[in-house]
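Student: I am new to this structure and would like a close look at a single part of it. Could you take me slowly through how a few neighbouring helices pack?

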Amino acid sequence: SSSTTPITATLFPGDGIGPEIAESVKKVFTTAGVPINWEEHYVSTEIDPRTQSFLTWESLESVRRNKVGLKGPMATPIGKGHRSLNLTLRKELNLYANVRPCYSLPGYKTRYDDVNLITIRENTEGEYSGLEHQVVRGVVESLKIITRQASLRVAEYAFHYAKTHGRERVSAIHKANIMQKTDGLFLKCCREVAEKYPEITYEEVVIDNCCMMLVKNPALFDVLVMPNLYGDIISDLCAGLVGGLGLTPSCNIGEDGVALAEAVHGSAPDIAGKNLANPTALLLSGVMMLRHLKMNEQAEQIHSAIINTIAEGKYRTADLGGSSTTTEFTKAICDHL
Ligand code: NAD
């Protein structure tokens with residue numbers, strides 16, 4: 001259904017190629033007549049004492065108020081006394097699940113034609129809890145935290161996602177044979193949730209075997225749910241199956257119904273400011289945001305325009321073997337709308 005009352009959404013253009021690809025999204029959305037008012041927030045050049053990070057308190061409030069937003073990549077400035085920008089967002093907004101759909105784009109040939117899977121990454125704990133210290137000189141320690149609460153929450157999201165999106169199987173990815181306590185608890189929580197969803201097939205796959213299976217035949221997988229670090233790695237592997245980081249979108253799901261969509265890739269400093277970036281990943285993240293807002297008509301329209309532009313092959317950015325600039329590719333998408 002299409003809605004005509006404008007919705008306010010937060011937009012973080014971000015760093016590096018972020019502002020260039022955010023410009024592309026604004027242009028495509030305006031051309032498609034999407035009724036969204038963007039509330040733009042940039043990463044600050046100073047630390048905000050209220051957030052202890054380069055993200056201002058106002059920018060976080062904007063997401064809390066709007067409950068929906070789109071985020072460009074953010075490069076965390078190196079130095080002490082502040083928190084990583086992405087970690088601040090995840091913690092402050094309670095973004096507990098990162099959903100990364102990965103599917104073959106019709107018209108863009110890779111080694112695989114039939115990839116259609118979703119990785120769901122636990123986003124708040126695990127190896128990324130930020131608890132690292134030196135025990136004695138030459139020995140450091142990093143704590144991997146797994147809690148029942150966060151594991152149940154992400155497992156519940158994965159099964160609910162599978163059920164509401166017509167998916168048949170959920171695979172929990174783990175290394176519980178070695179990480180017996182931590183991954184063991186993660187699996188136990190997945191099993192508990194699986195029992196509530198008898199219509200969804202549940203399986204457990206050891207991460208090393210999962211990597212081998214993904215590269216051999218990605219069609220073996222449907223929905224994958226996993227702890228933080230594994231999710232970070234596996235989702236980039238999956239991006240590689242369908243044509244690279246320029247193409248893969250994601251959406252962070254938070255408590256209180258917050259959804260913050262973002263591309264999987266980073267700020268790509270090597271190509272920033274050169275009008276070379278592929279805006280597809282952020283555009284498709286914007287499409288995920290529209291689906292979340294139930295603006296399905298506009299989502300489909302923009303999605304088709306992107307797919308058709310890439311399939312036509314006349315305008316493609318360098319990462320897809322073409323020679324178009326970000327602006328030329330964006331204009332081609334607008335012409336397809
Ligand atoms: P990256 O994803 O920025 O770049 C990896 C490679 O992919 C580069 O060669 C880059 O040019 C290419 N690439 C990425 N996105 C592209 C696009 N849209 N179009 C064309 N090519 C693209 O990874 P990195 O170099 O490891 O990280 C750079 C910075 O980004 C770091 O500061 C890192 O912390 C940050 N980062 C942020 C996020 C985020 O905000 N979610 C995610 C990953 C990395």
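Tutor: The crossing of α9 and α10 is right-handed, meaning that the near helix is turned clockwise from the far one by less than a right angle, where anticlockwise would be left-handed. This is a predicted model, in which local features need pLDDT of at least 70 and side-chain atom pairs count only at pLDDT 80 or more, while totals for chains, interfaces and linings use all residues. Residues are numbered from 1 along each chain as its sequence is written. Helices are DSSP runs of H or I, at least four residues long, numbered from the N terminus.

Helix α9 spans residues 296-312 and helix α10 residues 326-336, and their axes lie 8 Å apart at an angle of about 120°; axes are lines fitted to C-alpha atoms over the stretch in contact, and angles run from 0 to 180 degrees between N-to-C directions. That angle makes α9 oblique to α10, since angles under 35 degrees count as roughly parallel, over 145 as roughly antiparallel, 65 to 115 as roughly perpendicular and the rest as oblique. On α9 the contact is made by A305, I306, N308 and T309, and on α10 by F329, A332, I333 and H336, where contact means that C-beta atoms, placed from the backbone, lie within 7 Å.

Helix α8, residues 280-292, also packs with α9, their axes coming within 8 Å and crossing at roughly 160°, so α8 and α9 are roughly antiparallel to each other. Here the crossing is left-handed, and I306 of α9 is among the residues that make this contact, as are L283 and L284 of α8.

Key:
Helices (H or I, at least four residues) and strands (E, at least two) are DSSP runs, numbered from the N terminus. Two residues are in contact if their C-beta atoms, placed from the backbone, lie within 7 Å.
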